[in-house]
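Colleague: Hello! I'd like you to take a close look at one part of this model with me, and then walk me through what surrounds it.

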Amino acid sequence: MKKILLVISLCFILTGCGNYAELDKLAIVTGVAIDKDGDDYEISYLVANSPKGQTSSKEGEAKTTVYSGTGETIPDAAMIIEQKSPKKIYLGHVNVVIISEEIAKDGFFKVADWLFRNPEARKQFYLLLAKDEKAKNIIKIISPLESFPSQSIATLLESNRDSISASTTTTYNNFVGYVLEQGADPIVPTITIKGDVKEGSDQSNIETTEPIAYLALGPLAIFKEDKLVGYVKAKESELINLIQNKIKEIKYTLNYNDDDITIDSYNLKTKLSLKDEWHVNLTITGTGNIYNINSDIDISDPKEIRKIEKKWNKSLQKSLKKLIKKMQNEYKSDIFGFGNKIYSTYPQKWNQVKDEWNDKYFKQVKVTINSNLKIPDTGSLKDTLTEARK
Amino acid sequence: MEKIDKNVREVTRKIKKLYGESPDLNTRIIDIQGQKIGCLFFESSSQTSTISDFIIKAVDYTKDNIFDDLFESLKNNMFNSQVIIIDDFSQFPYFLSSGFTIIVVDKCDKAIVMETRAQLDRGVTESTTEPILRGSKDSFTESHSKNLGLLRKRIKDPNLWFSELKIGRRTQTRISIAYMNDIADKKTVDEITKKLKKINIDGILDSGNLIDYLTQNKSSFPQFQSTERPDIVCQALLDGKIVIIVENCPFTIILPTVFIDYFHTSEDQYQKSVNISFTRVLKIFAFLITLFTPAIYIAITTFDQNTVPDKLLISLAVQREGVPFPTAFEIILLMTIFEILRESDIRSPSGMSAAMSIVGALVLGQAAVDAGIVSPITVIVVAITSICSMIFTDIDFINGIRAWRFIFIIAASFLGLIGVLSASLILLIKLASLENYKTSYLSPFAPFNLKAQKDAIVRFSISHIFKRPKYISEKNQTRQRRSS
């Protein structure tokens with residue numbers, strides 16, 4: 001009996017997180033938007049569990065509410081929301097954090113500490129950048145397919161990451177990891193609103209057959225350290241993913257004899273290695289199928305296929321080079337992690353250059369791209385349709 | 001020891017006085033050549049046709065065929081399988097009440113006792129408390145000899161021994177301790193006999209009366225198995241366990257019992273082993289669900305919201321909207337109502353059960369949710385909990401789970417998941433420290449016995465089980481001989 005008493009008393013003494021909170025007394029925040037309002041910060045919380053009006057609880061239907069507060073500092077703004085909300089703000093289930101362009105340009109770390117330090121908050125939420133729009137407006141848009149906005153953003157991100165090679169997801173942890181890592185910079189997906197914001201945040205948005213406003217993912221945002229430096233187009237994002245070895249499949253369109261040929265490539269693999277201290281070697285291997293072809297090339301002829309193959313290799317190398325040049329000279333952001341590779345291979349050398357890496361040394365890195373891409377198959381059509389007509 | 005009076009009239013007078021001139025006591029005095037014979041029996045507990053057929057006829061026959069002694073002649077002429085000679089008057093009430101007929105003869109201090117028992121029990125019927133899909137359907141009855149017979153006809157080995165005791169000053173209840181002489185641990189048999197002999201109570205009416213004498217621990221989990229199925233008892237006997245059969249009670253007690261036994265049924269032996277293993281795993285899941293669900297629900301909704309997936313948490317939060325009580329209270333309220341419902345359903349006559357289920361299902365489920373007194377998820381939690389507890393047949397085990405479920409709920413409502421964890425540690429410690437008749441309650445897991453694992457959670461094919469469980473008896477281990 002004494003032992004049992006001891007065990008029970010230890011529970012009281014040794015536990016730190018015994019804060020009791022009844023579920024209906026919590027305002028469960030699933031989305032956070034951070035904007036800048038002049039010099040002040042504006043934070044908006046998307047509260048997921050607010051049964052508006054006469055909604056019967058048994059339907060399990062959640063309506064969302066957005067609370068926002070403005071203050072000189074982030075804690076000030078957060079305090080304003082606490083005062084507005086009748087329930088206790090609970091940040092344990094934050095799904096997405098959306099920051100505005102201004103915040104991103106200013107440096108995300110200025111606002112990040114508060115969320116990172118909060119013991120309640122999980123660090124696995126997605127980080128997004130609101131492009132051409134206030135971040136607050138993004139979390140207000142109600143999607144017809146998901147019951148609450150933050151969830152629809154997360155679903156949108158995840159499905160895009162899985163199906164479209166141009167997209168990526170960055171969790172808060174990833175972002176901070178990239179920034180703190182030696183010689184690496186983060187990229188963050190952007191999100192924007194298509195359509196009318198005001199009507200899109202109304203419940204009627206989900207009642208129409210075609211939503212008046214909806215969310216769409218935009219280009220990827222390139223960060224240098226924690227500051228936004230620019231955007232890349234969808235095609236370029238694909239290549240970034242390719243270099244980072246994040247994707248296995250790309251649909252690549254190349255120009256061949258003034259016709260467009262799209263190749264559906266798979267099993268793509270990228271290897272980053274160092275030839276010497278300042279020379280990066282990129283090796284890309286993979287295979288592809290003809291996906292779409294609009295010309296009268298005789299693709300049943302293996303020679304033609306070899307030619308297309310060659311052209312594909314060349315074209316891809318060219319675009320990669322162009323992209324890397326752009327990063328080196330224009331954005332000065334090492335999103336590919338070249339610096340990290342140098343750091344892990346030549347740590348002493350790295351120590352000499354790390355302070356000026358982004359601005360001075362990154363652009364001096366020479367990049368050689370080798371590619372070994374093969375087309376073993378022509379898809380399920382033997383000839384092109386144009387040729388078959390003849 | 002009280003001598004039997006040599007005067008028949010004196011004996012009948014004494015008996016009548018003893019029973020307060022009870023009207024069902026029949027005393028008949030027959031005169032044979034000047035010598036009186038007295039027949040004593042209870043009309044209520046004896047078969048009168050048997051008495052007329054055998055005793056009166058025998059007396060009539062003896063009338064003309066006395067050789068030397070009337071008593072000896074009578075004794076030899078009794079055409080009955082069970083004839084006992086007694087010389088102790090104090091044994092009269094026991095035999096009379098049991099439905100025997102006593103014949104006393106003038107000038108003789110001995111009496112002839114003959115079995116003329118009336119059939120005061122129902123026949124061998126199907127078991128209603130432990131229904132099965134496959135297997136023998138007979139079950140024990142209230143008749144002691146029938147119960148022993150049901151065992152005897154299954155195990156024909158002479159090593160099936162019954163040792164009998166009579167307990168209860170007034171009821172004089174026959175209690176048989178059945179065991180396989182060459183398998184069961186003799187020390188355990190002696191210990192049980194010793195414990196039973198110590199009992200000095202006025203009456204034993206059911207095997208349940210003996211439980212408290214036989215298992216001394218205060219744990220809410222039972223340490224005995226109670227069954228009315230002879231095939232389960234025989235299986236237990238063959239395992240080396242000891243069975244206690246009480247007169248007038250169809251439920252037998254099997255000792256010693258370990259924790260995992262409550263997850264086994266007799267059908268386990270009759271069905272395909274692969275499927276049975278699956279069923280047993282399912283039962284273990286059900287055990288965990290019924291024990292932990294309400295506690296974990298309380299813990300994750302009031303303390304550890306972080307552990308719940310987003311969508312589920314929001315769904316739970318919206319459901320709880322408008323419910324006036326704290327979650328823990330809500331759960332305890334509903335669980336209590338369910339327990340009351342269960343208890344009243346068992347006790348109520350069958351005609352009332354329809355009304356009860358309507359009230360239970362509609363009023364307490366649907367209407368309580370609609371009225372906003374409880375949240376729908378609570379009803380689901382309580383429903384899952386109670387369904388899962390119904391998978392067990394032993395009522396004492398179900399009640400043991402219930403007691404601990406409430407302990408878990410209380411722990412969870414004060415400390416969250418940490419409370420649940422520490423309560424389960426305490427439960428584990430308590431179960432592991434239980435021991436009855438030198439068998440650890442958590443055998444064969446703690447202490448671990450590799451060979452016994454063949455029939456613990458998973459069941460191997462019977463053709464692969466060669467040994468009896470060692471933790472029950474170490475004697476005569478071979479169950480099956482390898483065929484050469």
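Which residues line the largest cavity?

Modeller: Happy to help. This is a predicted model, where local features need pLDDT of at least 70, side-chain atom pairs count only at pLDDT 80 or more, and totals for chains, interfaces and linings use all residues, while side-chain values use heavy atoms, with hydrogens and water left out. Residues are numbered from 1 along each chain as its sequence is written, with chains lettered from A and ligands numbered from 1 in the order in which they are written.

The lining of the largest cavity is made of Met335(B), Phe338(B), Glu339(B), Arg342(B), Ser386(B), Ser389(B), Ile398(B), Arg402(B) and Arg405(B). Three helices of chain B give two or more residues to this lining: H11 (327-347), H13 (376-389) and H14 (395-415). H11(B) contributes the largest share, four residues. (Helices, H or I of at least four residues, and strands, E of at least two, are DSSP runs numbered from the N terminus.) By class, the lining holds three nonpolar, two polar and four charged residues. Here Ala, Val, Leu, Ile, Met, Phe, Trp, Tyr, Cys and Pro count as nonpolar, Asp, Glu, Lys and Arg as charged, and the others, Gly among them, as polar.

The space inside comes to about 40 Å³, and the structure has two cavities of 30 Å³ or more. A cavity is a set of points, on a 1 Å grid over the protein atoms alone, where a 1.4 Å probe fits but cannot get out; a pocket is an open set with protein on both sides within 12 Å along at least five of seven lines; and lining residues have an atom within 4 Å of a point. Points are joined across faces, edges and corners, and the volume is the space filled by probe spheres set on them.

The second largest cavity has a volume of about 30 Å³. Around it sit Asp185(B), Lys187(B), Thr188(B), Glu191(B), Tyr437(B) and Lys438(B), which divide into one nonpolar, one polar and four charged residues.

For an open space, look at the second largest pocket, with a volume of about 840 Å³. It has 32 lining residues, and those closest to its centre are Ser97(B), Ser98(B), Arg117(B), Glu247(B) and Asn248(B). Helix H4 (92-97), helix H5 (144-152) and strand S7 (173-180) of chain B each give two or more residues to the pocket lining, and H4(B) gives the most, with four. By class, that lining has nine nonpolar, 13 polar and ten charged residues.

Now back to H14(B), one of the helices at the largest cavity, and on to the contact with chain A. In total, 27 residues of chain B are in contact with 34 residues of chain A, where contact means heavy atoms within 4.5 Å. The area buried between the two chains is about 2,800 Å², and carbon and sulfur atoms give 65% of it. (Buried area is the accessible area, with a 1.4 Å probe, that two parts lose on being put together, summed over both.) On the side of chain B, Ile314(B), Val318(B) and Glu321(B) lose the most area to chain A, together 21% of what that side buries.

Two salt bridges are counted between the chains, each being a side-chain nitrogen of Lys or Arg within 4 Å of a carboxyl oxygen of Asp or Glu. One salt bridge joins the side chains of Asp24(A) and Arg320(B), at 3.5 Å from N to O. There are also six residue pairs in polar contact across the interface, with both residues at pLDDT 80 or more. (A polar contact is a pair of N or O atoms within 3.5 Å; within protein, one must be able to donate a hydrogen and the other to accept it, and residues adjacent in sequence count only if both atoms are side-chain atoms.) H14, along with helix H9 (273-302), helix H10 (310-320) and helix H15 (417-433) of chain B, supplies at least two residues of the side that touches chain A. H10(B) gives the most to that side, with nine residues. By class, the side of chain B that touches chain A has 14 nonpolar, eight polar and five charged residues.

Two backbone details of chain B are also worth a look. The peptide bond from Ser443(B) to Pro444(B) is cis, with omega near 0°, and so is the one joining Ala446(B) and Pro447(B), with omega about 0°. Pro444(B) lies in the segment after strand S12 (439-440) of chain B, and Pro447(B) is placed in the segment after S12 too.
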